[in-house]
Amino acid sequence: MPKERNVLEKNNRRRERKKIGRRMCYLLSFVLFLCILSIIGIYKKVEASSTIYIETQDLIIYQDDKMPIFITSISAEGDTDYLLDVKSGYSVASLVSDLNKGKGLEVECTVYETYQVGEGFQEGEYLIEAHLSEEYQQKFKEGWSKNVKIKIKDGNLKVLNTSGYWEDDIFLSWKGEPLTNQWIKSEGILYYLDSTGTKVVDTQVQMGMTLYTFDSEGQVSGTERHIDPDKPMIALTFDDGPGDYTMELLQVLEEYDAAATFFMQGVNIQENDRETLLKMVEIGCELGNHSTYHPDLTTLTASEIEREINITSAKIEELAGTSPTVFRPPYGAWDSEVKETVGFPIILWNVDTLDWKTNSSEVVLEHVLSAADDGDIILMHDTKAWSVAAMIEAVPTLIERGYQLVTISELAQYNGVELEIGEPYYFFK
Ligand code: NI
């Protein structure tokens, strides 16, 4: 009996062991199943991807518009709840929201580099490029790029000419009307439009004192100072400067391509007038000597006269880099001693505006316009604000009337007169 009992117990134990083994097996399988599930889960998580679209809007502006503001629209597709940073809870949606606020986003356009004061932006087409800031680019490099894709579409900026547009060789205003008899700057190049609005090509056009040569494309290929001997001319002359208004006067002359003669007084020529004197030379004006302290030269000795003239000539040479070519005695007073001593042609006048005592730009303007005639030498003072103010209107009006505004030397030359040292001249007709 005990033997039988032993066998029975043995069988029981074996059965028990088998049972445990089977349970272990189930458990292992279950663990394995969980493992597979979690691996699939992680894999799925790695694959969890989304795409952010950054689209830059196209823009059209005019050259003289203000600095454009570039607009980007941000959208996203895919699993935007995906956490890019688990700790802080920063999701793809948070990134989209940041980008929408402009954070982490930079927009660049080379149009800014073309801006020039007075000219605005340069005509043409420019790329508007959006890109992530360096900080965000780094974050993408460090891992975000596994989960988020960024797709950027650049924008296009078109800068239109402020004045209008070309229709073949005719330049039209934005209202559709041709612009006539004027300069137009298009894509940085100057063109001249004739009376029909067509750009001038393969020809020469006289404007003011300048003869412009245009090539077959309508670009200026050459300029030269040109005086038509058959057309009337006038010499505007300005005494006692340089003064506070001389530069303004030079700008008026430059604008209308006109020249004048400046009889300067040495005591008024200061170091800071260098720019003014250089401008006179640059735009073709003539430099004249008007003594140093403005005395009546007929009351001085020869050596005193020389001193009066030499100080002023030296100052002009120092600042302008060139010597004066004509002389005007103060008060127009000269005698035989002045004639023998000055060393310059003596330039007087035949039209005296009396501007030094009128105090009125209207009176000066009226006087100049009513008196002006071919061959005249007109006396004014650039030290008087009203005289310079009068010139803003007188210069274009005289040109419109067909007068060429020239220097004393030019007026003499085109009237066949060779200026002689010590000789007085009142006009050239
Ligand atoms: Ni004077």
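## The nickel site

Donors here are N, O and S atoms within 2.8 Å of the metal, and water is not among the atoms, so a site may look incomplete. With that in mind, take a look at the nickel ion in this predicted model. D240 holds it through OD, while H290 and H294 each use NE2, at 2.0 to 2.2 Å.

Read along the chain, the donors of the nickel ion are spaced as D-x49-H-x3-H. D240 and H290 bring distant parts of the chain together, with their positions 50 residues apart. D240 sits in the loop between β17 (233-239) and α4 (246-255), and H290 belongs to the loop between β19 (286-289) and α6 (302-320). Are D240 and H290 buried or exposed? Both of them are buried.

## A positive patch

Next, have a look at the surface. K10, R14, R17, K18, K19, R22 and R23 make up a positive patch there.

You can use R17 as a way in: this residue is found in helix α1, which covers residues 2-47. Exposed means over 50% relative accessible area, and R17 counts as exposed because its value is 56%.

## Salt bridges

How many salt bridges turn up in a search of the whole structure? The search finds twelve. Here are a few to look up.

One of them joins the side chains of D98 and K103, with N to O at 3.9 Å. The two partners differ in how they are covered: D98 has a relative accessible area of 12% and so is buried, whereas K103, at 47%, counts as partly exposed.

## Within a helix, and beyond

Helix α3 (residues 134-141) has a salt bridge inside it, since E135 and K139 both lie there. They are four residues apart, which is about one turn of the helix. The closest N and O atoms of E135 and K139 are 3.6 Å from each other. K139 is partly exposed, as its relative accessible area is 31%.

E271 and R274 form another salt bridge, and here the closest N and O atoms are 3.2 Å apart. E271 is partly exposed at 48% relative accessible area, and R274 also counts as partly exposed, at 30%.

Which residues are linked in a network of salt bridges? Look for E254, K279 and E282.

How values were computed:
Residues numbered from 1 in each chain as written. Predicted model: local features only at pLDDT ≥ 70, side-chain atom pairs only at ≥ 80, totals over all residues. Heavy atoms only, no water. Donors = N, O, S within 2.8 Å, 3.2 Å for Na, K, Ca; no water. Helix = DSSP H or I, 4+ residues; strand = E, 2+ residues; numbered from the N terminus. Buried < 20%, exposed > 50% of the residue type's maximum accessible area, 1.4 Å probe, protein only. Patch = residues over 30% accessible without salt bridge, like charges linked within 9 Å, V, L, I, M, F, W, Y side chains within 5 Å. Areas by Shrake-Rupley, 256 points an atom, 1.4 Å probe, with all protein chains shown as cover. Salt bridge = Lys/Arg side-chain N within 4 Å of Asp/Glu carboxyl O. Lys, Arg positive; Asp, Glu negative; His and termini not counted. Charge placed at Lys NZ, Arg CZ, Asp CG, Glu CD.
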